[in-house]
Amino acid sequence: MFNISPQFANLGSEFYQLVNPEPLLNPHFIHINSPLVNQLNLGDISEDQWLNIVNGTLAVEKYKPLASLYAGHQFGVWVPQLGDGRAILIAEHKDTNKQVWEFQLKGAGQTPYSRFADGRAVLRSSIREYLCSHAMHSLGIPTTQALAIIGSSTHVVREEVETGAIVLRVAPSFIRFGHFEVFASRSQIKELNQLAGFIIDHYYPDCNNAANKFSALLDKIVNNTAKMVAKWQSVGFCHGVMNTDNMSILGLTIDYGPFGFLDKYDPNHICNHSDHEGRYSFANQPKIAWWNLGRLAQSLSLLTPAEELQQSLDNFAIYFNQYYMQEMGNKLGISNFKSDDLELLGELLNILERGNTDWTIFWYNLSKMEQDNTSFILDYVINRDELNLWLDKYLVRRKQQVLDFIDSQKLMLKANPAIVLRNYMAQNAIIAAQKGDYTEFECLFNALSTPFEMHAGHSNYYAYPPEDAVHISVSCSS
Ligand code: AMP
Ligand code: MG
């Protein structure tokens, strides 16, 4: 059972409003993330109890559900008030390692921050969030995690009438940059200070020893955000809606909407069909992360002089480059990857782009390449001659390190997944689920659990996407 240990709830009424979940009609259980349940020491809760907890018909004892207040910059435009419009915090639970986890329902009805929307989430988008957050976690990318999902017969109107679902998701904290922005914009210095102190005490306690704890806090968030985005770039993940209200203060990937993994390598890929300018294109993600951190810094500048925050913000480029080089070095099997090697990497990226090469399949097979059969990788590109010339340089460079070929290959096999959640895969699981068949959803969930291995019997997961898959339009509506 839950071991309730309120943290966020102790911040007080300026930060949230109490609200009760609104149950869905005819709820049914779809999936529970059993390893996560066990990790959180919640194995004694039955499936039936989980169904009722997620549907809001079984209240978690000793905790009053709440929706939190935040604001944000959406597509660069300031929006003074957002908040948990369809998310409700139903528990803060301490596991046996004394780590406190927030439990949040997504799609459990309206809250005081719903504005004119319905507080619901459709089955389609809930399955996408559930599978993708699991995929990201399994890839070693910091993220919120999905714990359970239920479906229902409740009608939810989007472009079409769909059915409502609720995802129960967990994270050490769901606090976003927008939580700072709302208090800064209202000149609520007391709450701003309280929020910064809360985050430092609970998540970044070392900052209390720094000369300037606010610039130390910003530095930590800058660092974690840089690490997260470097990992996104490495696996070809495009978030799609990097608004400041979707940026976690812990550097967790949060709010899965019109995200997409790259199929063919195209740095200008835009996964969100509403993003006409390409603000959130794949290649723009690091720059946007930095811009968003700038908004956070602006909020913190009400607590400490801006000059003292500037260095932390400037560190983004340094941290991002370090993490990016490490990630890409691992993909290439070069453990001592240095800035001098960026040229070699850049040449490869150009070749992959010119050849419309599949990102995941190319890298996975590069890591499978045997020492005595290096030309094998040429079969995965159409511009063989270009790649062949590059390969000569690459193989020379790959030898210039302490790792031998086999150990270098081991590094690559841990960095180049065999499977990512391509849109068409999620779509297949969704189409079946909408007909009440969750077999594909479960197969995919299992395959995504160990993304660096191929699962027998599912060769399609590791193959090129079907030709018509590129035409799948991912609606922003969710
Ligand atoms: P998103 O773009 O999904 O991150 O959402 C932006 C804001 O709109 C957040 O404050 C959400 O809580 C809110 N929101 C999105 N969809 C809904 C919905 N169906 N009902 C209520 N609020 C919503
Ligand atoms: Mg959001």
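**Ligand 1 and its pocket**

Q: What makes the pair formed by Gly85 and ligand 1 a polar contact?
A: In this predicted model, a backbone N or O atom of Gly85 lies 2.8 Å from an oxygen atom of ligand 1. The cut-off for N or O pairs is within 3.5 Å, so the pair counts as a polar contact.

Q: Why is the pair formed by Gly83 and ligand 1 called a polar contact?
A: A polar backbone atom of Gly83 is 2.6 Å from an oxygen atom of ligand 1. That is within 3.5 Å, so the name applies.

Q: Why does the pair with the side chain of Arg158 count as a polar contact?
A: An N or O atom in the side chain of Arg158 is 3.4 Å from a nitrogen atom of ligand 1. This value is also within 3.5 Å, so the pair counts. As for cover, ligand 1 taken alone exposes 480 Å², and the protein buries 80% of that.

Q: What makes Asp118 a residue around ligand 1?
A: The shell holds 17 residues, and Asp118 is among those that come nearest, with Gly83, Gly85, Gly119 and Asn246. Membership needs a heavy atom within 4 Å, so Asp118 has one within that limit. By class, the shell has three nonpolar, six polar and eight charged residues.

Q: How do you know that more than half of the atoms of ligand 1 lie within 2 Å of pocket grid points?
A: Ligand 1 sits in the largest pocket. Sitting there requires just that, so the condition is met. The volume of this pocket is about 810 Å³. Its lining has 31 residues, with Gln74, Arg86, Arg115, Asp245 and Ser478 closest to the centre.

Notes
Residues numbered from 1 in each chain as written. Chains lettered and ligands numbered in written order. Predicted model: local features only at pLDDT ≥ 70, side-chain atom pairs only at ≥ 80, totals over all residues. Heavy atoms only, no water. Polar contact = N/O pair within 3.5 Å; in protein donor to acceptor, adjacent residues only side chain to side chain. Areas by Shrake-Rupley, 256 points an atom, 1.4 Å probe, with all protein chains shown as cover. 1 Å grid on protein atoms, 1.4 Å probe; cavity = no way out; pocket = protein on both sides within 12 Å on 5 of 7 lines; lining within 4 Å. Nonpolar A, V, L, I, M, F, W, Y, C, P; charged D, E, K, R; others polar. Points joined across faces, edges and corners; volume = space filled by probe spheres on them.
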